[in-house]
Amino acid sequence: MAPTPAYALIATDLDGTLLRGDDTVSDRSLAALARVAKAGARHLVVTGRPAPRVRPLLADLGCAGLAVCGQGAQVYDAGTDRLLWSVRLDRELAETALGKIEAEVGQVYAAVDQDGVDGLTLIEPGYRMPHPTLPAVRVGRRDDLWTEPISKVLLRHATLSDDELAAVARAAVGSLATVTMSGPGTVELQPSGVTKATGLALAAERLGICADRALAFGDMPNDIPMFDWAARGVAMADAHPELKAVADEITLSNEDDGVAVVLERLFPTD
């Protein structure tokens with residue numbers, strides 16, 4: 001009988017973690033994930049990207065199961081192409097939160113991810129997408145961002161750093177929304193109380209796996225709740241200092257197959 005793997009669930013962020021800078025997954029990482037599957041453990045993508053922007057990546061990974069998307073606001077079933085769970089950010093509340101932030105720092109530029117498996121990413125004039133490979137629709141004015149239900153708001157500022165903008169936003173918004181920073185140029189507002197950990201916990205429950213059997217990989221502060229939930233958290237070599245401070249282990253960078261390095265150690269070949 002094959003030994004039971006140390007971890008039954010491997011949760012990986014995408015950008016800056018499993019994905020390389022060109023939005024691809026290396027052959028080495030794919031082989032390592034194949035080891036995980038052969039051992040009977042499950043791989044779960046946990047990403048800030050909304051479900052419509054994750055579909056092609058899940059196909060490349062050969063994933064036909066669950067994925068946690070939208071910073072934990074969505075649990076998506078790739079096999080049936082539907083959302084099993086979704087939390088929307090109230091649009092009036094989002095406008096109020098933006099107003100509070102702008103009262104502190106002046107003009108910010110906003111984008112939104114619409115809810116649903118076919119939701120669009122809309123960007124207002126002046127907003128620049130942090131990931132130029134991701135599709136977005138430019139609208140003429142901010143009011144056009146709120147025409148359909150949304151899952152989150154993305155923010156940028158002309159002069160403030162991501163850390164500075166996130167700190168101001170948290171102080172200004174308070175309990176109106178959860179403020180996260182998920183990558184360069186990516187400060188976000190999402191429904192209050194929603195984090196990667198809430199979505200991950202729901203997906204794990206559906207899979208019948210407890211937190212004490214979970215291993216998580218990430219690179220940014222939005223991964224901190226996921227590390228707090230899982231039994232062990234592994235940060236990438238170039239991860240944000242806030243995440244490194246709470247990580248149980250530091251691996252190599254995403255460009256150097258840091259996820260694969262750890263998985264090869266934990267899931268050796270026969």
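This tour visits three loop residues, Gln71, Asp81 and Arg49, in a predicted model.

Begin with Gln71. Select the loop that joins β3 (66-69) to β4 (74-77), where Gln71 is located. Its backbone deserves inspection: phi is positive, at about 65°, although Gln71 is not a glycine. Most residues other than glycine have a negative phi. Is Gln71 buried or exposed? Its relative accessibility is 1%, so Gln71 counts as buried, the cut-off for that class being under 20%.

Next, follow β4 to its other loop. Asp81 lies in the loop between β4 and β5 (82-86). Asp81, a residue other than glycine, also has a positive phi, near 55°. The surroundings can be judged from a surface display: Asp81 has a relative accessible area of 34% and is therefore partly exposed, a class that lies between the 20% and 50% limits.

Finally, move to Arg49. Select the loop between β2 (42-46) and α3 (55-61), which contains Arg49. With a relative accessible area of 6%, Arg49 is buried. Which side chain makes a polar contact with the side chain of Arg49? Select Asp23: the two side chains make a polar contact at 3.1 Å.

To complete the view, display the other residues around Arg49. Leaving aside neighbours within four places in sequence, Arg49 is in contact with Asp15, Leu19 and Val54, among others. The list of contacts also includes Leu57, Cys69, Gly70, Leu134 and Lys152, as well as Asp23. Of these, Cys69 falls within β3 (66-69), and Leu57 falls within α3 (55-61).

How values were computed:
Residues are numbered from 1 along each chain as its sequence is written. This is a predicted model: local features need pLDDT of at least 70, side-chain atom pairs count only at pLDDT 80 or more; totals for chains, interfaces and linings use all residues. Side-chain values use heavy atoms; hydrogens and water are left out. Helices (H or I, at least four residues) and strands (E, at least two) are DSSP runs, numbered from the N terminus. Buried means under 20% relative accessible area, exposed over 50%, partly exposed in between (1.4 Å probe, protein chains only). A polar contact is a pair of N or O atoms within 3.5 Å; within protein, one must be able to donate a hydrogen and the other to accept it, and residues adjacent in sequence count only if both atoms are side-chain atoms. Contact means heavy atoms within 4.5 Å.
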